[in-house]
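Let's walk through this one together, from the ligand outwards. Have the model open and follow along as we go.

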Amino acid sequence: MIAVLPVRAGTLPLGGDEAVAEAGGVALVVGDGAEQAAAALAGVATEVRWSEQSAFRPGRWADAVAPLVDGDDLVVLPASPDGRDLAPRLARVLDRPLLAGAVRIRSDLVTLTRWGGQIMEDVVLAGPAVATLQPGVRGADRDPSLALRAAAVTLAGTGDADGPGTDATEPVLLEVLPADPATMDLAEAERICAGGAGLGAAEVMDALGRVAGAIGCSVGATRVVTDWGWVPFERQIGTTGVTVHPKLYLALGISGAVQHVAGLGHPDHVVAVNTDASCPMMSIADLALVTDAPALVRAVAARLGVNGHA
Ligand SMILES: Cc1cc2nc3c(=O)[nH]c(=O)nc-3n(C[C@H](O)[C@H](O)[C@H](O)COP(=O)(O)OP(=O)(O)OC[C@H]3O[C@@H](n4cnc5c(N)ncnc54)[C@H](O)[C@@H]3O)c2cc1C
């Protein structure tokens, strides 16, 4: 088994370390800053080959990577945006089935998540396959005593001067724009402002969304809030929602139930606003504000000039 990681700017893709751990520590890292990203796998990987590339060219990369991983029955990619782009192309070149959205990958059995995590499907492997692993489903404990062997490898035909390759759908990179917190995948958001039942009304949640936009945060919510339809399901954080990895987490009117906190990862900073000083969310907060969350949201929205129609 081998993990293939597409990287940008020397940064591992979301769930990249987990894909390597699931693949038993063997990886091929491709992209801009591949050497730096390969080094970041210390403690998780044992054997890494890396290839420095410029722009993301999944069609060309699939052509060039395929011969290097053909001997591995299972090729694992993280289900990150670039991983989901590269995986089907690699499956096509290798002429293998693609098992997308796995939560567990074994040499003879792959478990896939379907319908937003409501259904698990076991696929018994009858031959070689390519699979994508959902970020956040297994973690990747670091073992500092693990020795890492890293070596550079050259991919043929992936240079800027090389033509479009065999993939007619090869994307062309025009410009790299910073991610918009309002629309980016919540799992990749560095700053999240989340609301719970304590906000009391849908229009307060709307106002929180505007505040979040104004301060560069993505919007998250509890299951109570998504069940009420105040925000779409993809904004739900927790065991039956998205697993997030923010640096900053602002929790307003959220009790901190275990099913919610289990999807939180390990934020560097947690700020909680709640009228109940002793609820679980307040106990894990670095800054706990005992105050009325709806009033605070309205006041901040007014101060920022994002009152909208609330
Ligand atoms: C199988 C299963 C899966 C689940 N999956 C998830 C999941 O993925 N994600 C998830 O979030 N939940 C999930 N849940 C639900 C979870 O157990 C909790 O019910 C939910 O997280 C609670 O949401 P909440 O904090 O918004 O609401 P509550 O628990 O009702 O908390 C509301 C909080 O607001 C505070 N509050 C009230 N008024 C104010 C005010 N004026 N100002 C400030 N604070 C105020 C209260 O003190 C309280 O702490 C799941 C449950 C089950 C059984």
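A residue counts as near a molecule if its C-beta atom, placed from the backbone, lies within 6 Å of it. Keep in mind that you are looking at a predicted model. On that cut-off, 29 residues surround the ligand, and the closest are Gly196, Gly198, Arg223, Gly238 and Ser255. What is the character of the shell around the ligand: how many residues are nonpolar, polar or charged? The division is 10 nonpolar, 16 polar and three charged. Helix H6 gives the largest share of this shell, three residues. At least two residues each are supplied by H6, helix H7 (258–261), strand S13 (269–274) and H9.

Now turn to helix H5. With 13 residues (202–214) at 1.5 Å a residue, H5 should span 18 Å, and this agrees with the 19 Å between its end C-alpha atoms. Its buried residues run from Val204 through Met205, Asp206, Ala207, Leu208, Gly209, Arg210 and Val211 to Ala212. Among the elements covering them are strand S10 (191–195), strand S11 (218–221), helix H6 (223–227), strand S12 (248–252) and helix H9 (293–304). Just after H5, Gly216 adopts a positive phi of about 75°.

Finally, the nonpolar interior. In soluble globular proteins, nonpolar side chains tend to be buried together. Here the largest nonpolar core has 48 residues, and those touching the most other members are Val4, Ala27, Val29, Val65, Val76, Leu90 and Ala131. Leaving aside residues up to four places away in sequence, Leu90 touches Val4, Ala62, Val65, Ala66, Val75 and Val130. A second, separate core holds 38 residues, including Cys193, Val242, Ile254 and Met282.

Note on methods. Residues numbered from 1 in each chain as written. Predicted model: local features only at pLDDT ≥ 70, side-chain atom pairs only at ≥ 80, totals over all residues. Helix = DSSP H or I, 4+ residues; strand = E, 2+ residues; numbered from the N terminus. Expected span 1.5 Å × (residues − 1). Buried ≥ 20, exposed ≤ 12 C-beta atoms within 10 Å, placed from the backbone. Contact = placed C-beta atoms within 7 Å. Core = buried A, V, L, I, M, F, W, Y, C linked by C-beta atoms within 7 Å. Nonpolar A, V, L, I, M, F, W, Y, C, P; charged D, E, K, R; others polar.
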